[in-house]
Amino acid sequence: MTSSSLKAHSSELKAHKNRLSRISMREQFGADKKRFSKFSVCTDDMIFDYSKNRIDTPSMKALVALAKSAGVSNYRDRMFAGAQINETEGRAVLHTALRNTSGKPVLVDGKDVMPDIQKVLKAMAAFANKVRNGKYAVTEGKITDIVNIGIGGSDLGPAMATLALSPWHNGPRAHFVSNVDGADLADTFKKIEPATTLFIVASKTFTTQETMRNAESARTWLKKQLCKKDVGQHFAALSTNLEATRKFGIDDERTFGFWDWVGGRYSIWSAIGLSLMIAIGPKKFNEFLEGAHQADLHFQSEPYEKNIPVLMALLGIWNRNIWGHATQAVLPYDNRLSRFAAYLQQLDMESNGKRVMMNGKRATSDTGAILWGEPGTNGQHAFYQLIHQGTSVIPCDFLVAAKPQEKMGDHHSLLVANCLAQSEALMIGKTEDEAKSELIASGMSEKQAKALAPHKVFEGNRPSNTFLYKQLDPKTLGMLLAFYEHKVFAQGVIWGINSFDQWGVELGKALAGQLVPMVKDPALAKNKDASTLGLLASYHELKKAK
């Protein structure tokens, strides 16, 4: 992988940008009544509309040529075939195999991994059913609450998906603890009964600092609350370190493993999804996997021009590298997707937040986008002001369902209207003349209208994509997540970076390990910069203050 393809195509793409900068999107829609049909893709019960981008047919052809030149399809096929495309860690990248419902073999080093995957899924389903029907009991019988203890990919995925699919919850209540801040665990303790709670400790190595500290504190709390020495029955583990899980007190039949070719931020499809499976049941969890598998098939089979994740990737490159828009907002008009943006932050920014290419050289173009967002309509009353009238252009992804889960009068009609109105407003804007005319029509004098009109101008031409789907159900959520995964992958190929390692998180972890003794004992604070030493000294002083 190199970014030479982007460099080679940048002159042509910038020429298209310069041409299109002289045409408003309002004019484009006015001139072409078929623009939506030209620049949207429908698959299953989902529509991806990208017509509200500053594009036309020639510019899209140039972007497709970039994808072909970069070899996106070649790397895609190598990924699905189990090749070691994660070269810096010497690993295959096969989260797609975890949701392979086709029955076809998937080979890694000549071995079909599907029997092992199916074995773990079968064990997960058996355990989930026992927890759900009460056949696996704890101190006072049937489990009423599960607490997933993990961090990063071992938390964001299951926490996001469990909230998103809450209408399908018919198992124990689900809680998620990730932060090593004791407040996270303490607040969870207030919501659960120790005698009927199962803790699921999610750590592949069973050594993750924050996770293990929380797990040990949970075990101590249980022993104290239940006046029992052995509380192992209240724990399950998602880990491959059987020696460590046994030492912790967790039997092997309650330990579920996964593989080194599953990256943390791609692991919701693996044993890391156990808490989700317990909440919604194995059948609905399988529908979640099936949705992702359908997205995989789409990514593998559709031509670039109709390939949703490839189009998402190319539009992201177009906005990031050609137009220079550094951030992207993800705006789901679905309150249950309130953790969706946080999940995508890890997926996108940890994957493509790289400045070094696969060839070891510094990247020759900006990589990754600063991704953020909140659900609508709340965001409209918070940060949309900056999106509409700020000095920076922020491309947006809108997501909305046609059918709500709840039948509550006209709530959903208002929600959908707001979603569509925001993308329309970002596209068409409002000119100064239009603003002035509106003000005069409202009764304002010519002089007053002229003074106020500039403040009511919307430049428009602010790009957005919209996902419209029938309903946010397990299958739809699986499709959405897989589409975003493949978008990130395709962008990584074009930028020439490895989307599947994360060396950037290592330095902070190492330094934290050095600092823990110094935080505990001020006498040990040394060999640090003046700022860190000063903060340590102040910390110890404040800690002693009454």
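Two strands count as paired here if DSSP finds at least two bridges between them. Keep that in mind as you explore this predicted model.

**The whole chain**

Start with everything shown as a cartoon. The protein chain has 22 helices and 15 strands. Its C-alpha atoms fill a box of roughly 80 × 65 × 60 Å along the principal axes. For 546 residues, a compact globule would have a radius of gyration near 24 Å, and the 26 Å of this protein chain agrees with that. Colour by burial and 51% of the 546 residues count as buried. Among contacts between residues at least 6 apart in sequence, 74% join residues at least 24 apart.

**First stop: the parallel sheet**

Select strands 7 to 11. They make an open sheet of 5 strands in the order 8-7-9-10-11, with parallel pairing. Which strands stand at the edges? Strand 8 (173-177) and strand 11 (255-256) do; each has a single partner strand, so one side of each is left without a neighbour in the sheet.

Now zoom in on strand 7 (residues 145-149) and strand 9 (residues 197-202), which run parallel and are joined by 5 bridges. Show Val147 and you will find it opposite Phe199 in strand 9.

Next, add helix 10 (residues 209-226). It lies across strand 7, strand 8, strand 9 and strand 10 (235-238), and runs at about 160 degrees to strand 9.

**Second stop: aromatic rings**

Stay in this area and show the side chains of Phe206 and Phe248. Their rings form an edge-to-face pair, 5.8 Å centre to centre with 85 degrees between the planes. Phe206 is in the loop between strand 9 and helix 10, while Phe248 belongs to helix 11 (residues 242-248), so to speak a link between distant parts of the chain, 42 residues apart. Both Phe206 and Phe248 are buried. Add Arg219 as well: its charged end sits over the ring of Phe248, 4.0 Å from the ring centre.

For another ring pair, select Phe383 and Tyr384. Their centres are 5.4 Å apart and their planes are at 40 degrees, so this pair is tilted. Phe383 and Tyr384 are buried too.

Then select Phe39, Phe48, Tyr50, Phe340, Phe467 and Tyr484, which ring pairs link into a cluster. One further charge to look at is Arg35, whose charged end sits over the ring of Phe29, 5.1 Å from its centre.

**Third stop: the mixed sheet**

Select strands 1, 2, 12, 13, 14 and 15. This open sheet of 6 strands has the order 1-2-15-14-12-13, with mixed pairing. At its edges are strand 1 (40-43) and strand 13 (370-372); each has a single partner strand, so one side of each is left without a neighbour in the sheet. From one strand to the next, the twist averages 15 degrees.

How do strand 1 and strand 2 pair, in the parallel or the antiparallel sense? Strand 1 and strand 2 (residues 46-49) pair in the antiparallel sense, over 4 bridges. Show Cys42 to see its bridge partner in strand 2, Ile47.

Finish by adding two helices. Helix 14 (residues 308-322) lies across strand 1, strand 2 and strand 15 (464-469), at about 25 degrees to strand 2. Helix 20 (residues 474-495) also packs on the sheet, where it touches strand 1, strand 2, strand 12 (327-332), strand 14 (396-401) and strand 15. The direction of helix 20 makes about 150 degrees with that of strand 15.

Methods:
Residues are numbered from 1 along each chain as its sequence is written. This is a predicted model: local features need pLDDT of at least 70, side-chain atom pairs count only at pLDDT 80 or more; totals for chains, interfaces and linings use all residues. Side-chain values use heavy atoms; hydrogens and water are left out. Contact means heavy atoms within 4.5 Å. Axes are lines fitted to C-alpha atoms, for helices over the stretch in contact, and angles run from 0 to 180 degrees between N-to-C directions. Rings of Phe, Tyr and Trp (its six-membered ring) pair if their centres lie within 6.5 Å; planes under 30 degrees apart count as stacked, over 60 as edge-to-face and the rest as tilted. Buried means under 20% relative accessible area, exposed over 50%, partly exposed in between (1.4 Å probe, protein chains only). A charge sits over a ring if NZ of Lys or CZ of Arg is within 6 Å of the ring centre and within 35 degrees of the ring normal. The radius of gyration is taken over C-alpha atoms; the globule rule is 2.2 Å times the number of residues to the power 0.38.
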